[in-house]
Amino acid sequence: MVPSAHVTPTVAHGLPRPLPFPPSPAQSPVGTPSLGGNPPAGAAGLGGNTARPNDIELVERLLVARRDYQKTLEALRLHYIQAGDVERAKWAEEELRQYHRIPKPAYRLELDVPPPNLNGQTNVPEANKLFTRGLEYKDKGWGNDYIDNQRRAELLFQEVLTKYPQSNKIDDAAYMLGEIYESKAFKQPRRAAQYFERCFQWNPRTHRDARMRAARIYDRDLHERAKAIELYREVTTHETDQRRLQEAQRRLTELSGTR
């Protein structure tokens, strides 16, 4: 694991390679309600009087359990490193690696994706470093190495959003997360589309093709015609790239049935 704080402890006997993944951020994802708080408007708790209980509370519990499991493994590995116990440190490292390889769906996107009204305008050196480290892993390698590196990059870009929501790197981090969730390592198109949307919502002047990427997902993968039309129209009013403009106009014509 590549530690986020930034030096891997060393012990006698030459143990450990760098950690397989970055450690978990110190806090829950931006926008994730705490278990002690009120659920979002319209969300019914398990003890509510509605006919069909909502899953918000269960998903919140799952997110906390995931975070605590990861942090406990990280702490256990560090304990064994400091104690010079090479064998058990390797066990903890391998369990941590396997934990990160398990697919973890975002059961409720409102608990995963930060809100659209973040205003990241501050140059934060720590966020810049995290973003650069994420780029060092993203799309690198083949086979299992590629999947592991996509997950490493995911954790680092998510840490930018979690720790530094005021950073001017949040829109770029959101775009990178959109690409990661769309990739074969995750195959989560709806999650990808929402992160592409956050890119241009947080920075309407972004130079990235986030509007087009989101439109294509709603169009081709999710088959949500109205949303795809809305985003293709945004492409025609915000983009200057001729290829994107032509593609958006063509799909608008086809989806509108006027061809």
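In the predicted model, Y195 touches a set of residues that, leaving aside those up to four places away in sequence, comprises D112, V113, P114, Q158, L161, A174, Y175, L177, G178 and Y181. Y195 is also one of the residues with the most contacts inside the largest nonpolar core, a group of 47 residues in which F157, L161, F196 and Y232 stand out in the same respect. At least two residues of this core are supplied by each of α3, α4, α5, α6 (189-202), α7 (210-221), α8 (225-238) and α9 (242-256), and the largest share, 8 residues, comes from α5.

A second residue, R191, is found in helix α6, and with a relative accessibility of 7% R191 counts as buried, because the cut-off for burial is under 20%. With residues up to four places away in sequence again not counted, R191 touches K104, A106, L109, D112, E154, Q158 and Y181. Three of these residues, D112, Q158 and Y181, are also touched by Y195.

Helix α3 covers residues 125-137, and its length can be checked against its geometry: at 1.5 Å a residue, its 13 residues should span 18 Å, and the end C-alpha atoms lie 19 Å apart, which agrees with that expectation. Within α3, the buried residues are A127, N128, L130, F131, R133, G134 and Y137. In an α-helix there are 3.6 residues a turn, so residues three or four places apart point the same way. The cover over the buried residues of α3 includes α4 (143-163) and α5 (170-182), and α3, α4 and α5 are likewise among the helices that each supply at least two residues of the largest nonpolar core. Just after α3, the backbone at D139 takes a positive phi of about 65°.

Taken as a whole, the protein chain contains 9 helices and 0 strands, and its pattern, read along the sequence, is α-α-α-α-α-α-α-α-α. Of the 259 residues in the protein chain, 47% are buried. Where contacts in the chain are restricted to those between residues at least 6 apart in sequence, 64% join residues at least 24 apart. The accessible surface of the protein chain comes to about 13,800 Å², and carbon and sulfur atoms account for 50% of that surface.

Key
Residues are numbered from 1 along each chain as its sequence is written. This is a predicted model: local features need pLDDT of at least 70, side-chain atom pairs count only at pLDDT 80 or more; totals for chains, interfaces and linings use all residues. Side-chain values use heavy atoms; hydrogens and water are left out. Helices (H or I, at least four residues) and strands (E, at least two) are DSSP runs, numbered from the N terminus. The expected span of a helix is 1.5 Å times one less than its number of residues. Buried means under 20% relative accessible area, exposed over 50%, partly exposed in between (1.4 Å probe, protein chains only). Contact means heavy atoms within 4.5 Å. A nonpolar core is a set of buried Ala, Val, Leu, Ile, Met, Phe, Trp, Tyr and Cys residues joined through side-chain atoms within 4.5 Å. Accessible areas come from the Shrake-Rupley method with a 1.4 Å probe; for residues, only the protein chains shown count as cover.
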